[in-house]
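Hello,

Here is the structure I promised to pass on to you. Have a look at it first, and then read on for a short tour of what turned up.

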Amino acid sequence: MCGIVGYVGSKQALDVIVNGLRRLEYRGYDSAGVAIISDGALVVRKKAGKLANLETLIGSDPMPDSTTGIGHTRWATHGGPTDRNAHPHVSEDGRVAVIHNGIIENFAGLRAELTAAGVVLASETDTEVVAHLLAHSLPEADGDLAEAMRRTCRRLEGAFTLVCIDRTQPDLVVAARRNSPLVVGLGEGENFVASDVAAFVDHTRSALELGQDQVVAIRPDSVVVTDFAGEPVETRPFHVDWDTSAAEKGGYDLYMLKEIAEQPRAVADSLRGRISKDHRIQLDASEAEDAALRAVTKVVVIACGTAAHAGMVAKYAIEHWTRLPVEVELASEFRYRDPIVGPDTLVIAISQSGETMDTLMALRHAKAQGAKTLAICNTVGSTIPRESDAVLYTYAGPEISVASTKAFLTQIIAAYLVGLYLAQVRGSMFEDEIRGILEELDSMPSKVDLVLDTTEPVRALARELASSTSVLFLGRHVGFPVALEGALKLKELAYMHAEGFAAGELKHGPIALIEEGVPVIVIVPSPRGRSVLHDKIVSNIQEVRARGARVIAIAEEGDEVIAEFADHVIRIPAVPTLMQPLVATVPLQVFACEMATARGLDVDQPRNLAKSVTVE
Ligand code: M6R
C-alpha cells in the first residue's frame, strides 16, 4: 500500500522518481506526488488519480532541475483520494516534505497537540502530522535531519515508512521504517530509497535491507543507518537477481497476461534445486532443522487472499502425506482468537509480497507463543521471511498485476515441498512414494503449458458471459479452494458477484441463489483416482442444472461422462488429484482477465485494491 521512492545523486531526480513510481504504481494508485529541492526551495506537484494525472500536471507546469527528491503513489487510508490529501506533505514553514506508507495510529492525539500549538493542518491525512513534527524537531536536533526523524519516530505509533527532504540540505534524503517495507539502492555517486527494489532496479541491483525501527540517511556518496536511538546498526546487503525486463510487460498488453503466461517457468524455477539427483527433497540446512520438524505435532498455515487459498490446497496434501493435522487460518483472524500454538507447532506464513501486515502480525503472534515459523515468500529481503525461523522462497519473479496468478501456483509448489520434506524426515511415506510425487511435480510446467495453449474457448465464454451479474464456482476436495480462488479473481477484476462453494455445501443454503441462466463453473475431480468425488460432483451439477444453472465444467481430458451433464466443458490435462489445482486454476485466471477486459475494466489496477496490503 503506497509506493515511495527517494533519490539523491547527479541525475535529474524527477525522471528517476517518476520512473520509479511507474514501477511502484501497483502498490496504490489513488494519487501521486513528487517533491524536489531546487535553489533552496521545495517544489511540489501532486494530483489525485493515477500517475498519468501527475505527469500531465508536470507537463503543463514543469518542474526545475534538481538532483534530490522524493515521490509517492498512494493507497488512501486517512482522508479521501484528493489532491489535498496526496503526498508529499509539507511542514507549515515550507522546510520539510514527507511521504509515508502505513498508518500512524496515534495521529489524532498528535494532530490535536499540533492544532493546540497553532498549526493549521492542510489535509485530512495522518501523514501530515509527521511533516510538522519533523520541522519542530529540526531546531532541537541542531538541524540534523536524521536526528529529527529519530525524535519524530519515537513519538509515533503504528506502521510507517517515512521519507523526507529538507530544503536547506539539498544533498540529503532521510528515511525510517517500522513495520512497513523500505530498501536502499546503492549506486555509484547516487543512492535510492524505495518500498520495493523495482523502483531503482534500472539504476542498480545492489541493495540493502533495513531492519525494524531504523533510520537511514542517504547522500550521493554515503549511506548511514542507525536505530531510533541513534546507535549505528549492521545492515544486510543483497543482490537483486532479476532485471528490469522481468518487471516489464514483455510484449503483452497486461501484466496479468504476462504473469499467467509465465507460470510454467515460475513453477519450474520454484522446483529447481530442491530435488537432489537421488530424488530426495533438499531444503537448505538453514531452512529447516530435521530434529525440530520431527517434533512437530501440528501445522498451521497463516495467509490472506490468494495465499490463503494456496494454503487450503496444501492442507489436503500435507495431511495426506504426513498425517499431521493442518489448520489454515486467515491471518487477519488468527491472533484475535487466542489460537492454540506452541513449540511443537509449525506455523507456515505464505505471502507473495512478504509485507502483508495481517500475515506479519499473525506470524509475530505465533512466534511469541513459541511456535516454529517458516515463510513461503516471493520477495527476497521482505519482512515476513526476515522474521521467520526459516524461509522457502518461491521463484515466481516479480508479480506486478494486483491479481495474484503465478504466485498462487508457486506457493502450492513450495507448500507441497514442505509437506514432502516433512514426510521424508518423519518417515510417513516410503521413498518411492515421495519420488513418484516429485516426478509428477516435475511434469507440471509442461501440463500448465498445455492449458495455456488452449485458452481460446475459455476466453470466448468469458466474452459471452460478460454481462452476467453473478457467477458461482463449485469444487470438492482440492477443487474447493480452486473454486474460492476463481471467485476471488472474478470479484477483484470484473467487479462482479462471484462466490466459491464446496459443492456438497450448496444444498445447505446457497442453492437458493441458482436461477435461470446463472453461470456455475464447476471444477470436476478426476473420474480416475478418487472417483467417488467425481460421482458426487456429477450429482451436484444435476442439482443446479435442474434449477436452471448454465454449467461450465472444468474437466480433465478423457472425462467423457461430464459432457452429458454440462453446457460447456473446458478441458484440462489429466493429472493426479493433488496436482489438479495447478492446472484447473489457470482457465479461471484467464476467464477473470478476459471478462474484466470485455467489461472495459483496468485489469492490472482494479479499483480500491493495492498489491501489497501493509495495513491491518
Ligand atoms: O502478498 P501476499 O501474498 O501476502 O498478499 C495476500 C493477498 O493480499 C493477495 O493474495 C490478494 O488476495 C490478491 N490480490 C488476490 O489476487
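Let me begin with helix H5. The buried residues of H5 pack against helix H4 (128-140) and against four strands: S7 (158-166), S8 (173-178), S12 (214-219) and S13 (222-227). Please keep in mind that this is a predicted model.

How many of the nine residues of H5 are buried? Eight of them are, so the helix is largely enclosed by the rest of the structure. The buried ones are Leu145, Ala146, Glu147, Ala148, Met149, Arg150, Thr152 and Cys153. At the N-terminal end of H5, Asp144 acts as a cap, with a side-chain oxygen 3.0 Å from the backbone nitrogen of Ala146.

Glu147 deserves a look of its own. This residue sits in helix H5 (residues 145-153), and its relative accessible area is 17%. That value is under the 20% cut-off, so Glu147 counts as buried. The side chain of Glu147 makes a polar contact of 3.0 Å with the side chain of Arg150. Leaving aside residues up to four places away in sequence, Glu147 touches Ala141 and Arg154.

Now for the overall layout. The domain assignment divides the chain into domain 1 (3-247), domain 2 (255-445) and domain 3 (456-598). Between the centres of domain 1 and domain 3, taken over C-alpha atoms, there are 45 Å.

Next, the nonpolar cores. The largest one has 90 residues, and the members that touch the most other members are Leu441 and Leu490. Helix H13 (residues 406-426) is the biggest contributor, giving 14 residues. Where does this core lie? Domain 2 (255-445) and domain 3 (456-598) both supply residues to it, so the core lies between them. Not counting residues up to four places away in sequence, Leu490 touches Val471, Phe473, Tyr495, Met496, Ala498, Phe591, Ala592 and Met595. Apart from this core there is another, made of 33 residues, including Val16, Ile17, Leu24 and Ile36.

There is also a ligand to look at. Which of the 14 residues around the ligand come nearest? They are Ser351, Gln352, Ser353, Thr356 and Glu492. Three side chains have an N or O atom at these distances from an oxygen atom of the ligand:

- Glu492, at 2.4 Å
- Ser351, at 2.6 Å
- Lys489, at 3.0 Å

On its own the ligand has 420 Å² of accessible area, and the protein covers 90% of that. Helix H9 (305-322) and helix H17 (479-494) are the elements that give two or more residues to the shell around the ligand.

Gln352, one of the residues that come nearest to the ligand, is a good place to finish. Gln352 lies in the loop that runs between strand S17 (345-351) and helix H11 (357-368). Is Gln352 buried or exposed? With a relative accessible area of 13%, Gln352 is buried. A polar contact of 3.1 Å links the side chain of Gln352 to that of Asn378. Not counting residues up to four places away in sequence, Gln352 touches Cys377, Asn378, Thr379, Glu399, Ala407, Gln411 and Lys611.

Happy exploring, and best wishes!

How values were computed
Residues numbered from 1 in each chain as written. Predicted model: local features only at pLDDT ≥ 70, side-chain atom pairs only at ≥ 80, totals over all residues. Heavy atoms only, no water. Core = buried A, V, L, I, M, F, W, Y, C linked by side-chain atoms within 4.5 Å. Buried < 20%, exposed > 50% of the residue type's maximum accessible area, 1.4 Å probe, protein only. Domains from an automatic or database assignment. Contact = heavy atoms within 4.5 Å. Near = heavy atom within 4 Å. Polar contact = N/O pair within 3.5 Å; in protein donor to acceptor, adjacent residues only side chain to side chain. Areas by Shrake-Rupley, 256 points an atom, 1.4 Å probe, with all protein chains shown as cover.
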